[in-house]
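Open the structure in your viewer and have the selection tool ready. The tour goes from one residue out to the sheet and the core.

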Amino acid sequence: MKRTAVLLYPQFSEYELSVALSILMQGDKPIITVGLNNEKIKGESGLSCIADIQISEVNLDEIDSLLLPGCMDIANLINEQK
């Protein structure tokens with residue numbers, strides 16, 4: 001079964017992810033977390049996470065959907081080319 005990729009980036013909204021991830025788990029949908037690099041990612045409330053893979057490692061043949069959590073300030077991503 002293909003997976004849902006979950007993009008984690010600085011200041012992502014943790015609370016938006018909690019419900020979405022719960023629904024995916026209830027439906028037995030596998031996920032993979034994706035970071036811009038291999039460094040720790042801190043959400044808007046301070047939760048630190050490490051993604052499963054970097055965005056450069058994503059194999060599009062293995063995913064069928066992308067979950068993009070919101071954030072308090074999208075300026076963190078405006079100039080991000082990846």
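Which residues does I63 touch, not counting residues up to four places away in sequence? Select I63 and show its contacts: K2, R3, A5, I32 and V58. Keep in mind that this is a predicted model.

Stay on I63. Its place is in strand β6, residues 63–67. I63 has a relative accessible area of 18%, so it counts as buried, the cut-off being under 20%. Now add P30. The two residues lie 33 apart along the chain, yet 9.5 Å separates their C-alpha atoms.

Next, colour the strands. Four of them make an open sheet, ordered β5-β2-β1-β6, with parallel pairing. At the edges are β5 (53–54) and β6, each pairing on one side only. Move inward to β1 and β2. Five bridges join this pair in the parallel sense.

Select L8. Its bridge partner in β2 is G35. Show the wider surroundings of L8 as well. Leaving out residues up to four places away in sequence, L8 touches L17, T33, V34, G35, L36, I41 and C49. G35 is thus both a bridge partner of L8 and one of its contacts.

Finish with the largest nonpolar core. It holds 15 residues, and L8 and F12 touch the most other members. Two elements give two or more residues to this core: β1 (3–8) and β2 (31–35). The largest share, four residues, comes from β1.

Technical notes:
Residues numbered from 1 in each chain as written. Predicted model: local features only at pLDDT ≥ 70, side-chain atom pairs only at ≥ 80, totals over all residues. Heavy atoms only, no water. Buried < 20%, exposed > 50% of the residue type's maximum accessible area, 1.4 Å probe, protein only. Contact = heavy atoms within 4.5 Å. Core = buried A, V, L, I, M, F, W, Y, C linked by side-chain atoms within 4.5 Å. Pairing = 2+ DSSP bridges.
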